[in-house]
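Biologist: Please take one part of this model and look at it closely. Then set that part in its wider context.

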Amino acid sequence: MEIKSLVDPEGGLINRRIFADREIYELERERLFARCWLYLGHESEIPKPGDFATAYMGEEPVILWRDLNGKARAFLNMCRHRGNRVCRADRGNAKVFTCSYHGWTYSSDGKLAIVPRAEAFRDLDRDKWGLIPVAQLDSYKGLIFATFDPEAPALLEYLGDMAWYLDILLDRREGGTEVSGPHRWIVDANWKTAAENFGGDGYHIASTHGSARDLGVDTTTSETRISAKGHQISCGNGHILVAWVTPPEDAGPWFAQPVTELADYMKKHAGEIEKRLGEVRARKVSPSAGTVFPNLSVHWLTRTIRVWHPRGPDKMEIWSWAIVDKAAPPEIKEIMRFTSQYRFSPTGVFEQDDMDNWIQVTGAARSVIGRRYPANYQMSLSEPASEIGLRGRLSSRWSDSNQLSLYLHWAKVLEAKNWGEIRSSAA
Amino acid sequence: MDSGLRQTIEDFLYLEAELLDERRLREWLELFTDDARYWAPIRHNPLERPDDLTEELSKPGDSYYFNDTKQTLKIRVERVYSKQAWAEIPPSRTRRLISNVRVKKDDGTEIEVHSNFLVYRTRMEKDEDIFVGTRKDILRRVDSAMKIARRTIVLDQAVLAAKNISIFL
């Protein structure tokens, strides 16, 4: 299949098949989810040796496990013998995992430690039958990522300029962040509908989320919305975000904070925040939402991070965490968590209203007639980029530039036979 | 515990279910005391069978489905009556089955009541969700009326098999 032909950046057209086609989905599993760096969990979820949290990389079940020496590791949650899951819990602390089926037992470095009736096996070399590890694991300021591809570039290179923006959430205070959750729920929509929405769709907020805003619940301040000065920012490698640009008369790291108590907290710690982030990131830009390619999305202002786990071409499982400054006092942490979950979670007054949109966009991709007509990604208001030292490629907030760069990168990853090809064509 | 009290409480819980099923949400909100808390934890699968079931549930300081006051509940209610609350346009059709009502404690002012619920939700052409769990309520006698002072909703599912919870439990 010609994947590139499904994305037409000049015409601003996307073939709807990308949201429902089984063949495309299987290609995504092989070439995208088995190759890219994917988010596994936060350091604060596995603080002690032996702590584990089960997770998914695409549809692959994995165990994120801090080994008994304190090193974070991740393995496919699959006994090497017959394939049973060796861990059925969501989280906890374990020195070993013993498969329930025949009792093969693995230590926290993944080694096959015990095989009942080992003498009955023909030359069983236990060193060759350990848990299948991820190819690379690394963390960025608390966020643990892994990839099943040994050829993938280092995490920092993979994140590129996106890391610079992630700092605005992850590195405001000494000690970084901690998470609570995850909320987990199932939605009959293609995972990309959510990834593109968080990656730059400021356009949908007035219509989709009008009710919450009318009732005084928002993801930013009404002053911010009225000035509506902001950009879509494409960081390359498919990473995209949408950010408010701070008006000069109100410059400060409290800008755009949706809740008074959080704005006051940012004011109180403005000195520390500016020292850590520098002038541009503390005073001149305030990201709202973005997507780390392929399926980790972030909402800076309401403090949620979430993974859109694919569950077939027309289904996803959302895992969503609230993320707070570790150094914040308990009452501020609770305000941060409430601000997050009251807006974004299965009960969130913002997020509830997103779901049918994404379900029906996915449904349209199953429509024989609907598929004959491409989806419109032609919004492209031309306005000058802010000259304030931002990284990445800037375009208007009222644009589909981010979405198109997401899908161009997506197509590139699906067509490339290896990481060498992805890197050589990276723009 | 005397069965007269249980009957009074059952009548109250059935009335509450009726208000929700009939979408009389503003009247439903009036069943809560002004200092009410509305709490629904999330849950996880533990490695070992805990002696205390609540170990599987999130605690204050962790995540939750609901951690509302009457004021934040009111915003949720008013949102449903607003023009763009798309999760409830068209509205969910619900049927609440409330059962296994147990009066756990009564200090003369406040009564602790546990009950089980099965909420069937259907919406649009053929959306279907079933929310099942237990509720732990603190009911308070205010003047001659009964009010909900605290509600804890424990859903049985770990991964929610629904696109959202845009209704009240």
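Modeller: I start with one helix of chain B and work outwards from there.

The model is predicted; local features need pLDDT of at least 70, side-chain atom pairs count only at pLDDT 80 or more, and totals for chains, interfaces and linings use all residues. Residues are numbered from 1 along each chain as its sequence is written, with chains lettered from A and ligands numbered from 1 in the order in which they are written.

The part is helix H3 (70-81) of chain B. Helices (H or I, at least four residues) and strands (E, at least two) are DSSP runs, numbered from the N terminus. H3(B) has twelve residues, and at 1.5 Å a residue they should span 16 Å. That expected span is 1.5 Å times one less than the number of residues. The end C-alpha atoms of H3(B) are 17 Å apart, which agrees.

Which residues of H3(B) are buried? They are Leu73(B), Arg76(B), Arg79(B) and Val80(B). These buried residues cover an arc of only 115° around the axis, which puts them on the same side of H3(B). The arc is that of the directions from the helix axis to the C-beta atoms. A residue is buried if 20 or more other C-beta atoms lie within 10 Å of its own, exposed if 12 or fewer, and partly exposed in between, with C-beta atoms placed from the backbone.

What do the buried residues of H3(B) pack against? Within chain B, they pack against helix H2 (25-29), strand E1 (32-41) and E2. From chain A, helix H6 (210-214) joins in.

That leads to the interface. In all, 30 residues of chain B are in contact with 35 residues of chain A. Contact requires C-beta atoms, placed from the backbone, within 7 Å. On the chain B side, the elements giving two or more residues are strand E2 (64-69) and H3. H3(B) gives the most, with five residues. By class, this side of chain B has 15 nonpolar, nine polar and six charged residues. Here Ala, Val, Leu, Ile, Met, Phe, Trp, Tyr, Cys and Pro count as nonpolar, Asp, Glu, Lys and Arg as charged, and the others, Gly among them, as polar.

Now chain B as a whole. It holds three helices and six strands, in the order α-α-β-β-α-β-β-β-β along the sequence. Its C-alpha trace spans about 45 × 45 × 30 Å along the principal axes. For 169 residues, a compact globule would have a radius of gyration near 15 Å; chain B has 16 Å, which agrees. That radius is taken over C-alpha atoms, and the globule rule is 2.2 Å times the number of residues to the power 0.38. Of the 169 residues, 33% count as buried. Among chain B contacts between residues at least 6 apart in sequence, 57% join residues at least 24 apart.

The partner, chain A, has 13 helices and 21 strands. Its radius of gyration is 22 Å, close to the 22 Å from the globule rule for 427 residues, so chain A is as compact as a globular protein of that length. Buried residues make up 49% of those 427.

Chain A is divided into domain 1 (38-137) and domain 2 (160-424), with bounds from an automatic or database domain assignment. Their C-alpha centres lie 33 Å apart. Eight residues of domain 1 are in contact with nine of domain 2. Strand E3 (residues 38-42) of chain A supplies the largest share of the domain 1 side, three residues.

Note on methods: Two residues are in contact if their C-beta atoms, placed from the backbone, lie within 7 Å.
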